[in-house]
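Colleague: I would like to learn how to read a protein model properly. Could you walk me through it, feature by feature?

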Amino acid sequence: MARWGEGDPRWIVEQRADGTNVNNWHWTERDVTGWSSDKLKQLLLGVRLEGEGGSCQLTEVTRLDGEASINNRKGKLIYFYEWVLKASWMGTSNTGIKYKGTVDVANLSDENDMDDLDITVSLCKDEPNTPLLTLMKNEGVQRVRRALGEYVDHLKSEFTQGMILPTANGPSQSQPARPQSHVKANRTQISSTVLAPSMAPSVAPSNTTGVKIPTCSFFLKEMFLTSSDELYRTFTNQEFVQVFTHSAAVIEGYRGGRFQLLNGNVNGEFVELIPDEKIVMRWRFKTWPSEHYATITLLLKDRGHDTELKLECSGVPAGEEERTKEGWKRYYFEAIKQTFGYGAQLY
């Protein structure tokens, strides 16, 4: 039998004041169908695009059949979702003529990759043919696919708090004052290390497995004296990353690709890549609680002589905001500018 604090923590029986789901061993489930329905409508109705012939947008979600749930089994989260969707779209030509059509998605499911989604675009009956249909079948389909991918990302990042219950030394219902001091102790231990390539390895808190982590968000903006394609490549090309970090790195610059840099202190995965425009990644610092990732979104806007970069970061462990923010400024932004000569006025 494993000693206390050793071996697989799922096998260690602990005392819990509520007496339920010790160490998250039992199956628990949360129905997120209603939340998913609202989120899908919000994301789909935000799809708008413009082309040479005019503009198009989704105007109504006319069918939304399916269900979604999050399950916790043995301390692991499992996501189930299956949806059949139909939406209406309207196109307006440059001459003001309006066209109506539909978008059908038959297989949004946890069993299918986002690239395998069946998305069908058509014009309504009796509508004359228009170049806007081609726009919707090409760029419109990609925008819809991107919106559905964001739904899955939100499902996995925003709606899971509370699914994994505290284990060793976790909060107790009979002692309401202790959760606050327990969380504060974790924050102190996590934030005691400075984000730097030369930092000495530190041991992550052993009692964070399965504990709900308070998080925070922040935003940054920088200008770089380079084109958006060059700046995009700087973040997604292994050779570029190794140059500005002055250390070995592993960068798999494709969707689902992993990355590791700054002597292994930073790692994660690319969730979404739109060349020269957008980079979304699951990002973590190695002293954060095990398997906890923040979501980093980089938006690039080419302004001719320079490129504006907006960073949106969510899911940072509480107390880690300033360290993470300063780490991005110093070891990404300033390092890139100094290494490649992309210096510009800091915001």
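Modeller: Happily! Let's start with a term: a cavity is a set of grid points where a 1.4 Å probe fits but cannot get out. Please keep in mind that this is a predicted model.

Colleague: How many cavities of 30 Å³ or more does a search of the whole structure find?

Modeller: The search finds three of them. Let's take the second largest cavity, whose volume is about 70 Å³.

Colleague: Which residues line the second largest cavity?

Modeller: Its lining consists of F235, V241, I251, F259, L261, F270, M281 and Y332. By class, that lining has eight nonpolar residues, no polar ones and no charged ones.

Colleague: Now the cores. What is the general idea there?

Modeller: In soluble globular proteins, nonpolar side chains tend to be buried together. Here, the largest nonpolar core has 38 residues. Those that touch the most other members are L58, W83, W89, L108, L148 and Y151.

Colleague: Which elements give two or more residues to this core?

Modeller: They are the helices α1 (33-44) and α2 (131-158), together with the strands β3 (54-73), β4 (76-93), β5 (98-109) and β6 (119-123). Helix α2 provides the largest share, eleven residues. Another core lies apart from this one and has 37 residues, including V266, M281, F285 and V316. You have met M281 already, in the lining of the second largest cavity.

Colleague: Next, the sheet. How should I read strand pairing?

Modeller: Strands of a sheet pair through backbone hydrogen bonds, either parallel or antiparallel. In this model, seven strands form an open sheet in the order β7-β13-β12-β11-β10-β9-β8, and the pairing is antiparallel.

Colleague: Which strands stand at the edges?

Modeller: Those are β7 (215-224) and β8 (250-251). Each has a single partner strand, so one side of each is left without a neighbour in the sheet. For a pairing inside that order, try β12 and β13 (residues 307-317), which are antiparallel over eight bridges. There, L300 stands opposite L309 of β13.

Colleague: And salt bridges? How many does the structure hold?

Modeller: It holds 16. When you read one, look for a side-chain nitrogen of Lys or Arg within 4 Å of a carboxyl oxygen of Asp or Glu. One of them joins the side chains of E150 and K278, with 3.3 Å from N to O. Because E150 is in helix α2 and K278 in strand β11, this pair ties together parts that are 128 residues apart in sequence.

Colleague: Are E150 and K278 buried or exposed?

Modeller: E150 is partly exposed, at a relative accessible area of 22%. K278 counts as buried, with 14% relative accessibility.

Colleague: What other salt bridges could I look at?

Modeller: E269 forms one with R258, and their closest N and O atoms are 3.4 Å apart. E269 belongs to strand β10 and R258 to strand β9, so this pair links parts that are eleven residues apart in sequence. R258 is partly exposed, with a relative accessible area of 34%. In another, the side chains of R323 and E320 meet at 2.4 Å, N to O. R323 is buried at a relative accessible area of 15%, and E320 also counts as buried, at 1% relative accessibility. Some bridges share partners: R146, E150, E272 and K278 are joined into one network in this way.

Colleague: Let's turn to the backbone. Which residues have a positive phi although they are not glycines?

Modeller: N263 is one of them, with a phi of about 60°, and E291 is another, with about 65°. N263 sits in the loop between β9 (258-261) and β10 (266-274), where N263 is partly exposed at a relative accessible area of 49%. E291 is in the loop between β11 (278-285) and β12 (294-302), and E291 is exposed, with a relative accessible area of 60%.

Colleague: One last loop, please. Where is H246 found?

Modeller: H246 is in the loop between α5 (238-245) and β8. At 67% relative accessibility, H246 counts as exposed. H246 and T339 are 93 residues apart along the chain, and 9.6 Å separates their C-alpha atoms.

Methods. Residues numbered from 1 in each chain as written. Predicted model: local features only at pLDDT ≥ 70, side-chain atom pairs only at ≥ 80, totals over all residues. Heavy atoms only, no water. Core = buried A, V, L, I, M, F, W, Y, C linked by side-chain atoms within 4.5 Å. Buried < 20%, exposed > 50% of the residue type's maximum accessible area, 1.4 Å probe, protein only. Helix = DSSP H or I, 4+ residues; strand = E, 2+ residues; numbered from the N terminus. 1 Å grid on protein atoms, 1.4 Å probe; cavity = no way out; pocket = protein on both sides within 12 Å on 5 of 7 lines; lining within 4 Å. Points joined across faces, edges and corners; volume = space filled by probe spheres on them. Nonpolar A, V, L, I, M, F, W, Y, C, P; charged D, E, K, R; others polar. Pairing = 2+ DSSP bridges.
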